[in-house]
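Subject: The structure I promised you

Hi,

Here is the structure I said I'd pass on. Have it open while you read, and my notes will be easier to follow.

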Amino acid sequence: MEINDTNQKEALFSPGCEPVVEDEERRRLLWLMAEYFRTIGYSDIKARLPGFMPPPVLSGTIEDHRPDFTCRQTDSGRTPIILEIVTPSMVDDALAENRWSLLGSAAKLYNAELHFVVPKWSPLGPVDAALKRRLARMELTVNRVWTV
């Protein structure tokens with residue numbers, strides 16, 4: 001493999017842009033949401049999971065990111081949803097702020113709903129409350145925080 005090939009592959013799979021989520025806890029929650037939305041009839045489902053078409057990479061001013069999951073609702077406007085899986089260790093991760101801001105900007109741009117998914121239980125305490133506080137400090141508009 002030539003150096004240029006390696007650089008191109010690294011560019012395609014820079015952190016936050018990989019087509020498949022590597023973290024097992026995030027992947028488990030992502031499978032649950034993909035199956036749920038498929039069951040209720042939402043369309044154009046894209047997920048960072050094996051066997052799914054991954055969502056497109058969003059270009060940001062600081063860095064690019066690929067949403068964990070996107071789909072369209074069954075309403076008359078087929079409203080898009082951009083969904084992000086958040087584990088307890090990610091809630092206070094300083095690097096998450098750029099990613100979440102980019103997802104929020106994309107949601108506004110595409111008239112999409114922005115949803116976050118957190119585990120129902122964590123040894124670190126309630127993840128949803130901590131995430132909601134962090135998102136409020138970021139002044140990020142979120143349509144729903146799912147606890148699963």
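On the surface there is a patch of negative charge, and Glu-22, Asp-23, Glu-24 and Glu-25 gather in it. Before you go hunting for it, keep in mind that this is a predicted model, so please read everything below as computed from that model. Within the patch, I looked a bit harder at Glu-24, which is found in helix H2, the helix that covers residues 24–39. Is Glu-24 buried or exposed? Its relative accessible area is 56%, and exposed means over 50%, so Glu-24 counts as exposed.

Next up is Arg-78. You'll find Arg-78 in the loop between strand E2 (69–72) and strand E3 (80–85). Its relative accessibility is 39%. Partly exposed is the label for anything between under 20% (buried) and over 50% (exposed), so that is where Arg-78 ends up. Which residues does Arg-78 touch, if we don't count those up to four places away in sequence? They are Ser-43, Asp-44, Arg-72 and Gln-73. If you want a distance to try out in your viewer, take Arg-78 and Glu-35: they are 43 residues apart along the chain, and their C-alpha atoms are separated by 18 Å.

Now for a backbone detail. Arg-78 has a positive phi, about 50°, although it is not a glycine. Asn-111 also has a positive phi of about 50°, and Asn-111 is not a glycine either. Where does Asn-111 sit? It is found in the loop between helix H4 (96–109) and strand E4 (113–118). With a relative accessible area of 63%, Asn-111 is exposed.

Last one: Ser-101, which has its place in helix H4. At 31% relative accessibility, Ser-101 counts as partly exposed. Leaving aside neighbours within four places in sequence, Ser-101 is in contact with Met-138 and Leu-140. You can try another distance here too: Ser-101 and Arg-38 are 63 residues apart in sequence, and from C-alpha to C-alpha they are 27 Å apart in space.

That's what I have for now. Shout if anything is unclear!

Cheers

Technical notes
Residues are numbered from 1 along each chain as its sequence is written. This is a predicted model: local features need pLDDT of at least 70, side-chain atom pairs count only at pLDDT 80 or more; totals for chains, interfaces and linings use all residues. Side-chain values use heavy atoms; hydrogens and water are left out. Patches are made of residues with over 30% relative accessible area and no salt bridge: like charges are joined within 9 Å, nonpolar side chains (Val, Leu, Ile, Met, Phe, Trp, Tyr) within 5 Å. Accessible areas come from the Shrake-Rupley method with a 1.4 Å probe; for residues, only the protein chains shown count as cover. A salt bridge is a side-chain nitrogen of Lys or Arg within 4 Å of a carboxyl oxygen of Asp or Glu. Lys and Arg count as positive and Asp and Glu as negative; His and the chain ends are not counted. The place of a charge is taken as NZ of Lys, CZ of Arg, CG of Asp or CD of Glu. Helices (H or I, at least four residues) and strands (E, at least two) are DSSP runs, numbered from the N terminus. Buried means under 20% relative accessible area, exposed over 50%, partly exposed in between (1.4 Å probe, protein chains only). Contact means heavy atoms within 4.5 Å.
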